[in-house]
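Got a new protein chain on your screen and not sure where to start? Here's a quick briefing to read alongside it.

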Amino acid sequence: MSLTPELRQRIEDLLQANRIVLFMKGDPRAPQCGFSAKAVAALSALEQPYAHVNVLADGEIREGIKAYGNWPTIPQLYIGGELVGGSDIIEQMANSGELHAALGLPPPDRTPPTITITPAAHPTLRKAIDDAGGDLAVQIDIDPNFRTRLALATRDANAITVDCDGIPVQVAVAAARRADGLVIDFADDTRGRGLVVENPNAPPAVRAMSPADAQARATDGSVRLVDVRPAEERAIATAPVPHSTLDEGPGALEGLPKDTPLAFLCHHGGRSMQAAEHFRQLGFREVYSVEGGIDAWAEQANATIPRY
């Protein structure tokens with residue numbers, strides 16, 4: 001795509017108006033590709049405000065920014081009007097401290113986190129490293145929503161490495177504090193069979209709430225009930241207690257204090273669990289899904305509610 005004078009001016013206006021600009025797929029709350037998610041994670045860890053442009057919503061910018069900086073891929077980070085690079089470079093600079101320096105921030109905290117590999121997990125990881133050639137580390141990736149991934153990776157001098165009884169475990173600087181206290185175990189129980197990661201820093205799992213408890217707690221105000229159903233469904237069967245909706249989007253609720261108790265309600269419990277998990281991943285620490293939804297509420301707690 002040729003870079004017209006008008007499109008060049010649009011890009012330059014964006015860069016002049018914002019010191020830090022990330023051109024990405026999706027937005028920081030919901031990246032639409034893994035590379036954009038990596039870039040967001042690195043920037044979010046710095047706790048510096050930055051502008052973002054969702055190139056999926058603007059085809060001209062999506063192609064134009066590639067021509068503007070002569071960089072063929074997305075995401076792209078600009079600081080002070082200058083191209084920094086894509087996700088790999090952003091991540092490398094965050095780990096080395098170069099990104100902090102570019103933004104005028106103090107060097108990153110490189111204090112190694114406390115990580116434990118249990119005796120049950122140790123043989124599995126040791127064998128995996130040996131079978132792969134031996135000169136590898138266990139890489140732990142933890143994004144800001146505490147989604148965690150284990151993989152074998154080449155040694156990264158910029159990462160923080162912890163020796164766990166002879167097994168090198170490395171974590172990016174941006175995720176080091178999220179990894180503090182983490183335990184890698186081998187399970188053969190209700191958690192499944194295989195390696196499992198237990199992270200005390202992660203928000204607690206979504207919990208089930210009975211319709212009776214939802215009715216009592218929404219009435220006394222000890223939980224904020226959120227009906228995720230569209231208006232036409234709520235008109236058929238209305239929750240008989242004070243409640244919020246998502247008609248205007250989740251933004252207003254996302255801005256609530258993270259210790260606000262939230263309980264989500266739908267028809268049978270599926271959509272409410274999805275919504276509850278979204279808010280749990282945002283850092284809310286007391287999140288519930290009403291078991292069985294409004295249908296179970298009608299059956300168990302309030303027979304005046306129509307069933308559909």
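What follows is a tour from the overall build down to single residues.

Keep in mind that this is a predicted model. The protein chain has 11 helices and 18 strands, and its C-alpha trace spans about 65 × 60 × 35 Å along the principal axes. Of its 308 residues, 42% count as buried. Take the contacts between residues at least 6 apart in sequence: 64% of them join residues at least 24 apart.

**The nonpolar cores**

- The largest nonpolar core holds 20 residues, and the members that touch the most other members are Ile115, Ile117, Ile140, Ile167, Val169 and Ile184.
- Several elements chip in at least two residues each to this core: β7 (115-117), α6 (122-131), β8 (137-142), β10 (160-164), β11 (167-171) and β12 (182-189).
- Zoom in on Ile140, and you'll find that it touches Ile115, Thr148, Arg149, Leu150, Val169, Gln170, Val171, Ala172, Leu182 and Ile184, leaving out residues up to four places away in sequence.
- There's also a second, separate core of 16 residues, with Met209, Leu225, Ala237 and Ile294 among them.

**The largest pocket**

- This pocket offers about 610 Å³ of space.
- Which residues lie nearest its centre? Out of 27 lining residues, they are Lys38, Glu91, Asp141, Ile142 and Arg149.
- Two or more lining residues come from each of α2 (34-44), α4 (87-96), β8 and β9 (148-153).
- Sort the lining by class and you get 11 nonpolar, seven polar and nine charged residues.

**The second largest pocket**

- Here the space comes to about 430 Å³.
- Its lining has 16 residues, and Pro28, Arg29, Pro144, Asn145 and Leu282 sit nearest the centre.
- Both α2 and α10 (270-281) give two or more residues to this lining, with α2 supplying the largest share at four residues.
- By class, the lining splits into seven nonpolar, four polar and five charged residues.

**Aromatic rings**

- To describe a pair of aromatic rings, you give the distance of the centres and the angle of the planes.
- The count here is four aromatic pairs.
- In one pair, Phe264 and Phe279, the ring centres are 5.1 Å apart and the planes make an angle of 35°, so the pair is tilted.
- This pair links distant parts of the chain, as Phe264 belongs to strand β17 (residues 262-265) and Phe279 to helix α10, 15 residues apart.
- Buried or exposed: which word fits Phe264 and Phe279? Both Phe264 and Phe279 are buried.
- Elsewhere, ring pairs tie Phe23, Tyr68 and Tyr78 into a cluster.

**Helix α4**

- Besides helping to line the largest pocket, α4 has buried residues of its own: Ser87, Ile90, Met93, Ala94 and Asn95.
- What do the buried residues of α4 pack against? Their partners are β1 (20-24), α2, β5 (76-79), β6 (82-85) and α5 (98-102).
- After α4 comes Gly97, which has a positive phi, near 100°.

**Helix α11 and what comes after**

- Helix α11 (residues 293-300) is mostly covered, with six of its eight residues buried.
- Those buried residues are Gly293, Ile294, Asp295, Ala296, Trp297 and Ala298. You've already met Ile294 as a member of the second core.
- The cover over them includes α7 (211-220), β15 (224-227), β17 and β18 (287-290).
- In the segment after α11 you'll find Asn302. Why does Asn302 count as buried? Its relative accessibility is 17%, and buried means under 20%.
- Setting aside residues up to four places away in sequence, Asn302 touches Gln215, Pro240 and Trp297.

**Arg280, a buried charged residue**

- Arg280 lies in helix α10, the helix that also carries Phe279.
- With a relative accessible area of 13%, Arg280 is buried, because the cut-off is under 20%.
- Beyond its neighbours within four places in sequence, Arg280 is in contact with Pro203, Pro204, Ala205, Val206 and Val287.

Conventions: Residues are numbered from 1 along each chain as its sequence is written. This is a predicted model: local features need pLDDT of at least 70, side-chain atom pairs count only at pLDDT 80 or more; totals for chains, interfaces and linings use all residues. Side-chain values use heavy atoms; hydrogens and water are left out. A nonpolar core is a set of buried Ala, Val, Leu, Ile, Met, Phe, Trp, Tyr and Cys residues joined through side-chain atoms within 4.5 Å. Buried means under 20% relative accessible area, exposed over 50%, partly exposed in between (1.4 Å probe, protein chains only). Contact means heavy atoms within 4.5 Å. On a 1 Å grid over the protein atoms alone, a cavity is a set of points where a 1.4 Å probe fits but cannot get out, and a pocket is an open set with protein on both sides within 12 Å along at least five of seven lines; lining residues have an atom within 4 Å of a point. Grid points are joined across faces, edges and corners, and a volume is the space filled by probe spheres set on the points. Ala, Val, Leu, Ile, Met, Phe, Trp, Tyr, Cys and Pro count as nonpolar, Asp, Glu, Lys and Arg as charged, and the others, Gly among them, as polar. Rings of Phe, Tyr and Trp (its six-membered ring) pair if their centres lie within 6.5 Å; planes under 30 degrees apart count as stacked, over 60 as edge-to-face and the rest as tilted.
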